[in-house]
Amino acid sequence: MIDDDIIDVVVIGGGGAGLAAAVSAAEAGASVLLFESETELGGSTQLSAGLFTAAGTSVQHGLGIEDSAEKFFQHYMDLNHWVLNPGLVRAFCDNAGPTLEWLLGLGLEIPARVSSNAHMPGLCQAGVEDVWRGHVPKDQGYGLVQTLDRARRAQGVEAILGTRVQRLLVDDGRVAGVVADDIEVRAHAVVVASGGFAQDPDLLQRYYPYALQAGESLFVVAAPGSRGDHLRFGEQVGSAIAGDGWGLMLPTAYFQHLHHWQAGFPPKSRLYVNKAGRRFMDEDASYAVSGGIMDLQDGPVWAVFDEKARTELPTGYADWDADRIAEEADAGRTLRADTLEELARLTDVPAAALARTVERWNTQLPNGIDEDFLRNRTLANKGSTSHPDPIAHAPFYAVRMLPAELVCTHAGLEINSNAEVLDTIGNVVPGLYAAGEAGAGILGLRYVGGGNAIANALTMGRIAGRNAAGASAAATSPELGAVGV
């Protein structure tokens with residue numbers, strides 16, 4: 001007999017995944033209670049640009065772009081070397097577009113216009129995609145969260161803030177609720193959407209030690225609640241872990257410790273060289289691949305630019321600011337020299353190679369061409385209306401660049417295409433669902449590009465919420481079952 005006090009669905013976490021799960025479960029007729037460990041909703045989604053990657057959308061159609069979930073799936077799997085579960089990824093790709101349309105129906109605004117960057121509402125090139133799929137909403141991540149929160153309130157879902165769930169309740173192998181503030185809250189189904197573990201150094205050492213290679217340059221932009229609670233819940237039920245060793249690190253300058261919204265951007269007129277003194281990449285390549293390209297270099301990577309580029313940096317930013325660069329150079333941390341030959345000596349690269357690299361760059365990029373790395377195409381896609389200046393005005397600078405900005409972690413509870421959590425032998429853990437960074441298997445070896453994490457969180461959150469509601473309905477009416485994707 002079912003106790004009338006049992007909640008249909010408990011959602012752990014009030015970021016994008018948790019809000020999507022809560023709203024979707026409530027839309028399906030379930031009673032829903034949401035716990036958020038912090039004092040406001042939004043999590044890492046609210047801190048993001050809100051970019052959402054999806055295929056076959058009305059926004060694309062409005063711009064005359066032909067795309068499909070099939071094309072998205074093929075590209076996604078190819079970029080990840082097919083190491084991901086194809087069935088799970090196909091469910092994600094099939095449902096990302098409909099989830100975006102659902103958000104638009106809830107009031108999210110994404111105009112059908114070309115966007116030149118991740119902060120201009122519209123459709124942009126978000127990564128290394130074959131078709132532009134980066135949907136930028138009005139008011140970015142904040143706007144996305146506000147849209148979902150309005151829907152949550154309209155559905156009557158209560159959100160309990162400042163309350164960290166301590167553990168799951170498990171009865172005879174089935175998840176039957178949670179414990180929060182030492183109070184048992186019984187539920188027919190639980191959705192874990194508590195984020196990643198970027199804020200927990202011990203879990204980073206265990207599941208993503210690559211991030212720690214950045215040393216003192218490492219900084220984290222994930223939400224404070226990203227403490228790995230999902231992994232601790234998983235230990236209770238013997239869940240399998242997917243995505244071990246994977247995450248997203250953005251390339252930054254050694255001195256940067258804030259997201260680029262506050263830190264600013266390096267000068268357009270810059271080139272990257274390796275220890276051989278040679279240019280090796282498009283300096284504006286998507287962060288989906290640029291960190292990996294840097295990792296392949298045998299030694300440090302240097303951003304080289306001149307005095308004109310330094311003095312023309314926009315004011316008002318914390319890191320990429322003319323005075324800040326001068327201070328770093330005065331302290332000897334950023335290298336500065338009156339000649340390229342002297343800069344080569346300071347960076348320990350061959351002088352002839354550096355001189356030749358700068359010479360070739362100067363004959364091409366300022367003229368709008370880049371025969372070697374096609375950066376001219378990238379700049380055009382970003383809406384650049386002017387070419388870089390020559391690197392020719394002494395003194396010259398070299399700033400060490402490395403992957404050091406930790407955005408999200410990919411290790412989490414293994415899920416299937418219904419967002420059900422799996423145990424170590426592949427069985428479904430009854431009553432338990434996961435989404436976002438907590439539900440692993442979609443964010444993979446290679447981050448596809450801007451909007452990958454947000455689309456994963458909201459798409460799988462929506463699937464988790466619907467299926468958790470279906471599980472609750474089945475508990476009270478056995479003839480009903482999972483909704484499915």
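**Exercise 1. Describe the setting of Thr 57 in this predicted model.**

Step 1. Thr 57 is buried, its relative accessible area being 3%. The cut-off for buried is under 20%.

Step 2. Thr 57 belongs to the loop between β3 (52–53) and α3 (58–62).

Step 3. Setting aside neighbours within four places in sequence, Thr 57 has contacts with Gly 97, Leu 100, Glu 101 and His 135.

**Exercise 2. Decide how helices α5 and α16 are oriented to each other, and state which residues make the contact.**

Step 1. Two packed helices are described by the angle between their axes and by the distance between those axes.

Step 2. For α5 (residues 86–105) and α16 (residues 452–476), the angle is about 90° and the axes are 8 Å apart.

Step 3. Angles of 65 to 115 degrees count as roughly perpendicular. The helices α5 and α16 are therefore roughly perpendicular to each other.

Step 4. On the α5 side, the contact is made by Leu 88, Phe 92, Asn 95, Ala 96, Pro 98, Thr 99, Trp 102 and Leu 103. On the α16 side, the contributing residues are Asn 452, Ala 455, Asn 456, Leu 458, Thr 459, Met 460, Arg 462, Ile 463 and Arg 466.

Step 5. Sorted by class, the contact of α5 with α16 has 10 nonpolar, five polar and two charged residues.

**Exercise 3. Take the salt bridges of Arg 227 and Arg 153, and say where the partners lie in the sequence.**

Step 1. The structure holds 32 salt bridges. One of them joins Arg 227 to Glu 38, with the closest N and O atoms 3.2 Å apart.

Step 2. Arg 227 is in the loop between β10 (219–220) and α8 (229–237), and Glu 38 is in the loop between β2 (32–35) and α2 (43–47), so this pair ties together parts that are 189 residues apart in sequence. Glu 38 is partly exposed, at a relative accessible area of 23%.

Step 3. Arg 153 forms a salt bridge with Asp 149, where the closest N and O atoms are 3.5 Å apart. Both residues are in helix α6 (residues 140–154); because they are four residues apart there, about one helical turn separates them.

Step 4. Arg 153 is partly exposed, with a relative accessible area of 48%, whereas Asp 149 is buried, with 12%.

**Exercise 4. Is the salt bridge of Arg 375 and Glu 283 made by buried or exposed residues? Place the pair in its network.**

Step 1. The side chains of Arg 375 and Glu 283 meet at 3.8 Å, N to O.

Step 2. Arg 375 lies in helix α15 (residues 375–381) and Glu 283 in the loop between β13 (271–273) and α10 (287–295), so the pair ties together parts 92 residues apart in sequence.

Step 3. Arg 375 is buried, with a relative accessible area of 0%. Glu 283 also counts as buried, at 4% relative accessibility.

Step 4. A network of salt bridges links Arg 270, Arg 279, Glu 283, Asp 284, Asp 370, Arg 375 and Lys 382.

**Exercise 5. Locate Asp 8 and list what its side chain and its other atoms meet.**

Step 1. Asp 8 lies in strand β1 (residues 7–12) and counts as buried at 17% relative accessibility.

Step 2. Not counting residues up to four places away in sequence, Asp 8 touches Gly 29, Ala 30, Ser 31, Ala 187, His 188, Ala 189 and Ser 472.

Step 3. To Ser 31 there is a specific link: the side chain of Asp 8 reaches the backbone nitrogen of Ser 31 at 2.8 Å.

Step 4. Asp 8 and Thr 476 are 468 residues apart in sequence, while their C-alpha atoms are 9.6 Å apart in space.

Methods:
Residues are numbered from 1 along each chain as its sequence is written. This is a predicted model: local features need pLDDT of at least 70, side-chain atom pairs count only at pLDDT 80 or more; totals for chains, interfaces and linings use all residues. Side-chain values use heavy atoms; hydrogens and water are left out. Axes are lines fitted to C-alpha atoms, for helices over the stretch in contact, and angles run from 0 to 180 degrees between N-to-C directions. Helices (H or I, at least four residues) and strands (E, at least two) are DSSP runs, numbered from the N terminus. Angles under 35 degrees count as roughly parallel, over 145 as roughly antiparallel, 65 to 115 as roughly perpendicular and the rest as oblique. Contact means heavy atoms within 4.5 Å. Ala, Val, Leu, Ile, Met, Phe, Trp, Tyr, Cys and Pro count as nonpolar, Asp, Glu, Lys and Arg as charged, and the others, Gly among them, as polar. A salt bridge is a side-chain nitrogen of Lys or Arg within 4 Å of a carboxyl oxygen of Asp or Glu. Buried means under 20% relative accessible area, exposed over 50%, partly exposed in between (1.4 Å probe, protein chains only). A polar contact is a pair of N or O atoms within 3.5 Å; within protein, one must be able to donate a hydrogen and the other to accept it, and residues adjacent in sequence count only if both atoms are side-chain atoms.
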